[in-house]
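Thank you for asking me to look through this structure. My remarks are set out as numbered points, so that each can be checked against the coordinates.

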Amino acid sequence: MRFRYALHSETPVRLTKPAGTDVLDYLSVSLAEFDRIREVRFSEFSSLFHTFCPSEHPVDDRHFENDVRLMGPLLVASGAETAPFLIAYEHGSQVPDAFLAYDLAPDRTATLRAVKGNYYDGQIVGPDRPFGTPWFQIAGIDGDEDTLAAAYREYVLTYLTPNAESRKPYIFYNTWNFQERNRWWYKNAYLDSMNEERMLQEIDVAHRMGIDVFVLDTGWYEKTGDWHVSAARFPRGLGPIKEKLDGYGMKLGLWFNPTVAAVSSRMHREHRDCLMTRDNKPHDPHEVWETEASQSLCLVSRYGDAFADELIRLVREVGVTYFKWDAIGQYGCDAAGHGHGTEANTPEERRVCYGFQLGAAMARVVDKLCAACPEAIVDFDITEGGRTVGLQFLASGKYFLINNGPYNHDFQMPVPADGNVNLFFYPGPARAWICRAPLGYDKWLPSVLFLTHYLPDDVYTRHGWGGNKEVTDPENQWISIASLVLGQNGIWGDLLRITDAGVARFGHALGLYKQVRDDITVASPVRVGAVGGSPEVHEKINAANGRGVVCLFASASGSYTYVTENRVAPGVWHNDGVTVTHDPRGRARIDARFDTAGAKIVFFGVREGM
Ligand SMILES: [Zn+2]
């Protein structure tokens, strides 16, 4: 069950904070009859992987007896005599920066409370101004915890949002990695490759590789705020690009920073009252990726609605359906008059209230866009910490999870001579370890909601004890394909440098993947072995029909055996070095021989030549 409250009053009344903090209990539940309780967090930021990762924490008597506060957002409880149960709230912020939390008490109750910013002191509730709370979720099921996790996962996939396109396993390509290579490896500008000629060439290759959505990252626009196509980089507009994509049945995606508008833009001129402030002063204008200087606008203010209209215009005029939203921090505005506090509140209170309301403001934009244009998908970039991560945004869109993973300074390493601090920027097994590390989300939240890009190179430099060596080799491609088919569904890199054989290899494998990707999307994960270990196995098979995939990764050469948990469908395809047999119960026994570090893929339920 998903529910929220609206507080109404026939005469205007004020919400207050007598002791300076929020006083609001949303719900309370007794967990006395459950002997196994866990807190599931979705917004811990791991510096090891430089990404958000899920984590589970046992809760027992010592926590209740010491009045411990848990951020959640999900508590799951089960017992020998009791069916499993969960409660959750829909909001978003990085652990431990809680806006809501569960307070435990010695009588084994858990009370979900407002922690900060849920309202501002003096906020009016009146006949035409109800106070609305975040959404809450409660679920119970016959079965065990795994049954509950699988049902919850299905709920998030199928029922949490009306914006159904966000749940489909499209395969994405994004131009950003090549823009970074251009900057760091070839000493050009980030935007040098952002032009019609290069994009048309890339689209041809992307089509042959099996890409569904082609995303132009930053630089396609003239200036922020007024998101018109750059006349310098695309003199004919995006028409020729859209036409080519249409010819291939592909979709167009574009990059946005929703919180900025160029100083000379119409959006800026018409929304001066919406400028974000810090200490009551607007932020200084700053250049946005080699384009005109911009200032920050507040999505909680009336500007949010205007930004939604701008996106709807772009759907209609340019044909974009995928929107990548970048660079939205949790905090940023302490202005009065935007709906997150008045002159009567302190700047600090308005700042915190903005942080609380930001996620709902973002969701309003997405929901307005998707109501007008049901084909739209919005992806919120959470590749850095301090972003509003949790269940709230997933009720409207999806996440863009990882850029390049850790930087040099995450590992206390000096900045290299070329200034490029991206450590996991190179083809080979390591980037894929980083990107697969957060796949633990897939137990509760479908992996299709965490777009991550793998590198498709088959011509690259291999770095090792013997020095640097140029290689032409399919292994990096197999690692990337075996990783992305687990649901993250993205690639980026230098498409024009991939060999014809490499392009064909990718296209063939993704063609097989497309036959079973809907099954993989609905499948709960079975995972054995640590990321980077030997072997690391991911089974994603639809229990209802046996269709899906098993991917095995190994860092050490040798032979490994895996027996599937699920029965498998006929129609097996695998890459080299794999033998598949079936046991009497219909499960698959996979024997895989690795001559080097790499990946094996076994699809079930596919046919060649479809
Ligand atoms: Zn504001």
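The points below take up the domains, the zinc site, the pockets, the backbone and a few single residues in turn.

1. A word of caution comes before the details: this is a predicted model, and every remark that follows should be read with that in mind.

2. The chain is divided into three parts, of which domain 1 covers residues 2-158, domain 2 is assembled from 170-262, 299-332 and 359-518, and domain 3 covers 527-604. For a reader who wishes to get oriented, it may help to know that the C-alpha centres of domain 1 and domain 3 lie 38 Å apart.

3. The zinc ion deserves a careful look, and its protein donors are Cys298 through SG, Cys333 through SG, His338 through ND1 and His340 through NE2, at distances of 2.0 to 2.4 Å. The arrangement is tetrahedral because the four donor atoms around the zinc ion subtend angles of 100 to 119 degrees, and the allowed range for that label is 85 to 135 degrees. Along the sequence, the spacing of these donor residues reads C-x34-C-x4-H-x1-H.

4. Two of the zinc donors link distant parts of the chain, since cysteine 298 sits in the loop between β22 (291-296) and α7 (303-318), while histidine 340 sits in the loop between β23 (320-325) and α8, 42 residues apart. Both cysteine 298 and histidine 340 are buried.

5. The largest pocket holds about 800 Å³ of space. It is lined by 32 residues, and those closest to its centre are Arg4, Gly132, Thr133, Ala360 and Arg364. The elements that give two or more residues to this lining are β12 (123-125), β13 (131-132) and α8 (347-372), and among them α8 gives the most, with seven residues.

6. Where does the lining of the largest pocket come from in terms of domains? Domain 1 and domain 2 each contribute at least three residues to the lining of the largest pocket. By class, the lining of the largest pocket is made up of 14 nonpolar, twelve polar and six charged residues.

7. The second largest pocket holds about 580 Å³ of space, and of the 23 residues that line it, the closest to its centre are Asp146, Ala150, Ala523, Ser524 and Pro525. At least two residues of this lining come from each of α2 (145-158), β30 (526-528) and β33 (558-567), with α2 supplying the largest share, eight residues. The lining of the second largest pocket has ten nonpolar, six polar and seven charged residues.

8. Some backbone geometry should be inspected by eye, given that most residues other than glycine have a negative phi, and most peptide bonds are trans. The peptide bond from glycine 72 to proline 73 is cis, with omega near 25 degrees, and proline 73 is placed in the loop between β7 (69-70) and β8 (74-79). Another cis peptide bond joins valine 95 and proline 96, where omega is about 5 degrees; proline 96 lies in the loop between β9 (82-89) and β10 (100-104).

9. Positive phi values in residues other than glycine also call for a comment. Histidine 50 has a phi near 50 degrees and is found in the loop between β5 (36-46) and β6 (51-59); because its relative accessibility is 7%, histidine 50 counts as buried. Asparagine 280, with a positive phi of about 70 degrees, lies in the loop between β19 (277-278) and β20 (281-282). Is asparagine 280 buried or partly exposed? With a relative accessible area of 46%, asparagine 280 is partly exposed, as the range for that label runs up to 50%.

10. Two further residues may serve as reference points when reading the model. Isoleucine 402, in strand β25 (residues 398-402), is buried, with a relative accessible area of 0%, and its C-alpha is 4.7 Å from that of threonine 383, although the two residues are 19 apart in sequence. Glutamate 197, in helix α4 (residues 196-209), is exposed, with a relative accessible area of 59%. Glutamate 197 and threonine 461 are 264 residues apart in sequence, and in space their C-alpha atoms are 27 Å apart.

Technical notes: Residues are numbered from 1 along each chain as its sequence is written. This is a predicted model: local features need pLDDT of at least 70, side-chain atom pairs count only at pLDDT 80 or more; totals for chains, interfaces and linings use all residues. Side-chain values use heavy atoms; hydrogens and water are left out. On a 1 Å grid over the protein atoms alone, a cavity is a set of points where a 1.4 Å probe fits but cannot get out, and a pocket is an open set with protein on both sides within 12 Å along at least five of seven lines; lining residues have an atom within 4 Å of a point. Grid points are joined across faces, edges and corners, and a volume is the space filled by probe spheres set on the points. Helices (H or I, at least four residues) and strands (E, at least two) are DSSP runs, numbered from the N terminus. Ala, Val, Leu, Ile, Met, Phe, Trp, Tyr, Cys and Pro count as nonpolar, Asp, Glu, Lys and Arg as charged, and the others, Gly among them, as polar. Domain bounds come from an automatic or database domain assignment. Donors are N, O and S atoms within 2.8 Å of the metal (3.2 Å for Na, K and Ca); water is not among the atoms, so sites may look incomplete. Four donors count as tetrahedral if all angles lie between 85 and 135 degrees; four count as square planar and six as octahedral if opposite donors are over 155 degrees apart and all others between 65 and 115; anything else is irregular. Buried means under 20% relative accessible area, exposed over 50%, partly exposed in between (1.4 Å probe, protein chains only).
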